[in-house]
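Okay everyone, thanks for coming. Let me put the structure up, and then we'll walk through it together.

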Amino acid sequence: MRLTLSCILLFGSSLAVASTDFDAKLERIDQAKLTEAQLFEWQEELLFPHYHEHWLTQNITTLDAGQVKRFRQNPANRAANWFFQPKWRDELVRRQDWVTINRVFANQSDPERICYYFESRQALDQPLDTDAIEKLWLSGRSRPDNCDPFFKGWLDGLSDPTPVVWQRQLAAFYARNGTLLRYLNRFYRDQESQQLGQFLVRVYDDPTAIISQRYDPSSEQMRGLALAAVNRLAYRDPRSASNLWSQIVKASPAIDPADVRTASRYLGIAMAKLPLPEAAYWLAIADPDKDDELVQHWRLQIALSQEDYPAIVAYYQDLSPSLQRSDQWLYWYGLARYKTEGQLADDNSLIALSGQRLYYGFLAAGVLGTEPSLNANPQYPPRDSSKLAQQPELRRAKALFLAGQTARAQVEWNLWVREQANGVQHSAAELALNWGWYAKASQSAGWSGRYDLIHLRYPDAYGAFIEDQADRLNLPAFWLYGVMRQESRYQHAAVSPAGAHGLMQLMPRTARQVATQHKVPYATTADLQQPGTNIALGSNYLSDLIKRFENPVYATAAYNAGPSRVIQWRERFPTEMTIWIESIPFDETRGYVKSVLAYSQIYALTTKTGWRMSAWTTPGISFVSNDSMALVPQ
């Protein structure tokens, strides 16, 4: 379903009206200091559960247990309670209501709440679970301050805390948490243990310091620290790490084969990412069972960079059955056979793979010269969403979505739709598409397991904005769609843990730079939640990257990992594009590029542009324009 730009603007105006009404109600609750009786005059309104939750939050310090219980027991308040619950837990802590905390905080996963649960047990004279305390302790992450008394009491009860303190220091070493690592030294009781902890800190700062008079190969602690030192140095300077490991081996009369495999894995992967020729040696040692997916990926990459197709055939035949069935290995094994045999055998894995709707399937189609396929056969019963639209939870979800309360709308939607049968989830997806809620249309279609619902899983989301930018900047619209789907799954209000915002997941600093350079109206970070603004900024940034790299694959990688890294990778790895993609050192970026290319191909097929993904992954091509599908031979 494609909305014209005028329809989108009209839809946006309805959003503004709904948002104004919702906000006005909340403002009245805040300013008028409504009594509970006055609040309940609104109880027939659709969004009353959320007004009620806001009122409870505003009056949380004076609430009694009965008010909270009545609210939580009302099924209509299920989604609103999802927002109220963490606030009420905080209030229980403020009140030191240990009886309720003891009941509510049991079986929590959040460390701070776990420790409040410990405190409730202590206040109620209940025994503490030392195993639970130990489990919380043994982490390389820092823990909340309210856990400290329980850690101290547990450690004081141990005859010798040295092993568990060392174990946590080592976890902090691997987690690169130097602050915690140093802090933990205070828990050693005797001078010898303190010196041991100080030595660990020294090795953290300088991994080569492991080879010293303190290194005792008969000590399990020292062997563990030696592996941590190799791990830390491998990603700084893998050749120096290799030399360090050789010294450790020489200093250790008997070394555990498992330690050899672990160190070899650290060294092999780090070297392969540079790439260094020694990587193959270490990777071969690291995975004798041929079932470590990451190790085998980098063995494949080395063989590809050398165009050693006979080696790839041999590698495949030695793989574990699970890896042999993976799309990646089916593609490269099929291609290697094609290269080495000089013909396409009837049982070549490329043939079956070429009909699949996935990255390696599209690559296989390119090799065979066949048309890429959506491979979709959506033979599902017709759905009628009209009755579903009257479901109270979905009515509230729609009203909240229109009011700009996306997080609340999502919770209303998710809590109800997730529990329904596949057919109902399919109907809900159709309903969301009709509302222009593309994120939920795509997600709900996925929940239904009906993966051939292409129009739902890959909707024509914000099509007017996408087409406008594609035409203005001479970019392929299918590429913009591909980036948007991978970045946000069509969630206009998405915010990443790193602080990227909106449909195209822009960092505020990047957004401001692009806005200034291209004169895109942009005032605050809140503007990045506006689809038109976000798509304009993201499209202009992609256009800048295309001009810089003159290749859409490099530009895609740079959009995720940054231009400076892609410059390094372009100089470091083979120019054959499919091999270059496999060589990307960052697992996230490597997967990102593959996903964007696959999604772009799907959108190109749904819009019947005639573009093939293989055009961008074929050597000797250059991005030109939207009119020519962006490619001409060099």
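Let's start in helix H20, which runs over residues 327-341 and holds both Glu341 and Arg337. These two are four residues apart, about one turn of the helix. And they pair up: their side chains meet in a salt bridge, with N and O 2.8 Å apart. One thing to keep in mind here is that this is a predicted model.

If you're new to this, side chains of opposite charge can pair when their charged atoms come close.

So is each partner buried or exposed? Glu341 counts as partly exposed, because its relative accessibility is 38%. Arg337 has a relative accessible area of 10%, so that one is buried.

Salt bridges can also link up through shared partners, and here Glu53, Lys87 and Arg408 are joined into one network that way. How many salt bridges turn up in the whole structure? The search finds 17.

Let me show you another one, in helix H5, residues 78-95. Arg95 and Glu91 form a salt bridge there, and their closest N and O atoms are 2.7 Å apart. Why are they separated by about one helical turn? Because they sit four residues apart in helix H5. Arg95 is partly exposed, since its relative accessible area is 31%. Glu91, on the other hand, is buried, because its value is 4%.

And one more, in helix H9, which covers residues 148-156. Asp156 and Lys152 are both in that helix, four residues apart, so again we get about one turn. Their side chains meet in a salt bridge at 3.0 Å, N to O.

Okay, let's move on to the surface. Which residues make up the negative patch? They are Asp90, Asp110, Glu112, Asp145 and Asp148. Take Asp110 as an example: find the loop between helix H6 (98-104) and helix H7 (111-123), and that's where Asp110 is. Asp110 counts as partly exposed because its relative accessibility is 31%.

There's a nonpolar patch too. Tyr338, Leu344 and Ile351 make it, and it comes to about 220 Å². To find Ile351, look in helix H21, residues 349-353. Ile351 is partly exposed, as its relative accessible area is 37%.

Now let's zoom out. How many helices and strands does the chain have? There are 35 helices and two strands. Along the principal axes, the C-alpha atoms fill a box of roughly 80 × 75 × 50 Å. The chain has 634 residues, and 52% of them are buried.

Last bit: what does UniProt say? The entry is unreviewed, and it lists "domain: Lytic transglycosylase superhelical linker" over residues 388-443. In the model, that span is 77% helix and 0% strand, and its end C-alpha atoms are 17 Å apart. The unreviewed entry also gives "domain: Transglycosylase SLT" for residues 467-573. That span is 64% helix and 0% strand, with its end C-alpha atoms 34 Å apart.

If you want something to try on your own screen, go back to helix H20 and find Glu341 and Arg337, then trace the network of Glu53, Lys87 and Arg408. That's it from me, thanks for listening!

Conventions
Residues numbered from 1 in each chain as written. Predicted model: local features only at pLDDT ≥ 70, side-chain atom pairs only at ≥ 80, totals over all residues. Heavy atoms only, no water. Patch = residues over 30% accessible without salt bridge, like charges linked within 9 Å, V, L, I, M, F, W, Y side chains within 5 Å. Areas by Shrake-Rupley, 256 points an atom, 1.4 Å probe, with all protein chains shown as cover. Salt bridge = Lys/Arg side-chain N within 4 Å of Asp/Glu carboxyl O. Lys, Arg positive; Asp, Glu negative; His and termini not counted. Charge placed at Lys NZ, Arg CZ, Asp CG, Glu CD. Buried < 20%, exposed > 50% of the residue type's maximum accessible area, 1.4 Å probe, protein only. UniProt positions renumbered as here; feature names shortened; annotations may be inferred.
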